[in-house]
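Thanks for coming, everyone. Please look at the screen, and follow along as I go from residue to residue.

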Amino acid sequence: MALHVIVGAGPVGTATARLLAERGDRVRLVTRRGSGPAHPAVEPVAADAADADRLAELAEGAAAIYNCANPAYHRWTTDWPPLADALLRAAERAGAVLATVGNLYGYGPVDGPMSEATPPRPNSVKGQVRARMWADALAAHRAGRVRVTEVRGSDYLGAGAQSVPTLLVLPRLLAGRRAVVPADLDAPHSWTYVGDVARTLVAAAGDERGRGRPWHVPSPPPVSVRALAARAATLAGTPAPKLSRMPRAVLWLGGLADPTAREMREVAYQFDRPFVLDSTAATATFGIEPTPSDDVLAETLAALRR
């Protein structure tokens with residue numbers, strides 16, 4: 001029974017912990033408060049993951065360390081660099097694979113679908129942070145110091161996910177109210193299920209073919225915000241969604257008081273045009289098919305109703 005260490009108990013960290021525990025592995029879940037899902041194979045530990053010595057101690061004998069951490073959106077520039085460095089050093093000292101949950105910010109605006117071969121051209125501070133994290137990890141991998149992999153998904157759906165649909169669209173739909181969304185409502189957009197992120201993360205960490213490169217999480221064909229909301233309304237048995245596009249000036253003004261809205265300004269391009277993920281490589285390599293969209297929406301809606 002292998003030991004796996006997970007940093008972060010958000011929706012992806014929790015899904016990863018459950019996946020590993022249910023297949024018979026031992027899981028040590030590290031968070032500042034010692035939180036995590038209730039499962040006999042999951043050991044919650046309260047610790048600061050930015051402390052490389054403590055993390056290496058917790059990861060001694062582990063097969064892998066999974067970076068599922070998620071610093072506050074407005075603190076990426078201050079919190080990610082020391083945390084990423086500690087995770088890398090801890091994995092090196094423990095001899096564990098470092099498997100990181102990444103995102104698509106590092107690509108910047110693109111024309112056409114994004115694949116793992118898309119060159120990094122971040123046009124945002126947050127994108128630069130994530131691109132640097134991967135560049136540092138890949139350099140350590142190529143130097144033979146540590147084995148690394150990274151999985152990248154688009155905006156999340158699923159229980160606990162925080163994204164434009166789960167924060168701005170679906171709760172309003174369930175309440176029968178109009179949703180005002182900072183997006184082109186009809187642009188195709190890829191959506192990624194948190195459970196599929198966990199499946200891909202575990203597969204890439206445990207397979208030699210998964211290391212030394214990024215992987216895109218298998219995700220269903222893209223659909224627009226409007227189409228996603230319409231399908232959700234059908235599944236939820238609610239009236240057709242009422243949607244309006246939020247003017248850019250409103251988002252800008254919202255950022256004066258809300259740090260999350262302020263940080264969204266520089267990545268608003270992701271919702272101004274088609275934002276499409278090519279995830280065929282992971283499906284071909286690991287045999288992972290995306291969870292059906294209706295199942296994902298049903299889970300998301302059920303979680304929002306609780």
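Let me start with one term: contact means that heavy atoms lie within 4.5 Å. With that, take tryptophan 76. Leaving out residues up to four places away in sequence, tryptophan 76 touches Asn70, Pro71, Pro81, Asn103, Tyr105, Lys126, Val129 and Arg130. Keep in mind that this is a predicted model.

Where does tryptophan 76 sit? It belongs to helix 3, residues 76-94. Is tryptophan 76 buried or exposed? Its relative accessibility is 5%, so it counts as buried. Its side chain also has a polar partner. A polar atom there lies 3.2 Å from the backbone oxygen of proline 71. Now a distance for scale. Between tryptophan 76 and alanine 204 there are 25 Å in space, C-alpha to C-alpha, and 128 residues in sequence.

Stay with the rings. Which residues form the aromatic cluster with Trp76? They are Tyr73 and Tyr105. The structure holds 4 aromatic pairs. Charged side chains come in here too. Lysine 126 lies over the face of tyrosine 73, and the ring centre is 5.0 Å away. Remember that Lys126 also touches tryptophan 76. Arginine 130 lies over a ring face as well, that of tryptophan 80, at 4.8 Å from the ring centre. Arg130 is another residue that tryptophan 76 touches.

Let me step back to the whole chain. There are 11 helices and 11 strands. Along the principal axes, the C-alpha atoms fill a box of roughly 55 × 40 × 40 Å. How does the radius of gyration fit with a compact globule? A compact globule of 306 residues would have a value near 19 Å, and the chain has 19 Å, so the two agree. Of the 306 residues, 52% count as buried. Then look at how the contacts are spread. Take those with a separation of 6 or more: 73% of them join residues 24 or more positions apart. The exposed surface comes to about 13,500 Å², and carbon and sulfur atoms supply 52% of it.

Next, threonine 149. You will find threonine 149 in strand 6, residues 148-152. It has 1% relative accessibility, so it counts as buried. Beyond four places in sequence, threonine 149 has a list of contacts that includes Leu98, Trp134, Ala204, Arg213 and Trp215. One of these gives a polar contact. The backbone oxygen of arginine 213 lies 3.3 Å from a polar atom of the threonine 149 side chain. And another distance: the C-alpha atoms of threonine 149 and phenylalanine 271 are 27 Å apart, with their positions 122 residues apart along the chain.

Now some loops. Histidine 189 lies in the loop between strand 8 (179-181) and strand 9 (191-193). Being in a loop, is histidine 189 buried or exposed? Buried, because its relative accessibility is 3%. Which side chain does it join through a polar contact? That is aspartate 155, at 2.6 Å. Asp155 is also in its contact list, which leaves aside neighbours within four places and includes Ser154, Pro222, Gln270 and Phe275.

Serine 219 is in another loop, between strand 10 (214-216) and helix 7 (225-236). It counts as buried because its relative accessibility is 9%. Its side chain has two polar partners to point out. One is the side chain of threonine 192, at 2.9 Å. The other is the backbone oxygen of valine 217, at 2.8 Å from a polar atom of the serine side chain. Outside its neighbours within four places, serine 219 is in contact with Trp191, Thr192, Leu277, Ser279 and Pro290.

Last stop: arginine 177. It lies in the loop between helix 5 (164-174) and strand 8. How much of it is accessible? The relative accessible area is 48%, so arginine 177 is partly exposed. Beyond residues up to four places away, it touches Arg172 and Lys242. Look at leucine 243 too. It is 66 residues from arginine 177 along the chain, yet their C-alpha atoms are separated by 9.0 Å.

To recap the loop residues: histidine 189 is buried, serine 219 is buried, and arginine 177 is partly exposed. That is my tour. Over to you.

Notes: Residues are numbered from 1 along each chain as its sequence is written. This is a predicted model: local features need pLDDT of at least 70, side-chain atom pairs count only at pLDDT 80 or more; totals for chains, interfaces and linings use all residues. Side-chain values use heavy atoms; hydrogens and water are left out. Rings of Phe, Tyr and Trp (its six-membered ring) pair if their centres lie within 6.5 Å; planes under 30 degrees apart count as stacked, over 60 as edge-to-face and the rest as tilted. A charge sits over a ring if NZ of Lys or CZ of Arg is within 6 Å of the ring centre and within 35 degrees of the ring normal. Helices (H or I, at least four residues) and strands (E, at least two) are DSSP runs, numbered from the N terminus. Buried means under 20% relative accessible area, exposed over 50%, partly exposed in between (1.4 Å probe, protein chains only). A polar contact is a pair of N or O atoms within 3.5 Å; within protein, one must be able to donate a hydrogen and the other to accept it, and residues adjacent in sequence count only if both atoms are side-chain atoms. The radius of gyration is taken over C-alpha atoms; the globule rule is 2.2 Å times the number of residues to the power 0.38. Accessible areas come from the Shrake-Rupley method with a 1.4 Å probe; for residues, only the protein chains shown count as cover.
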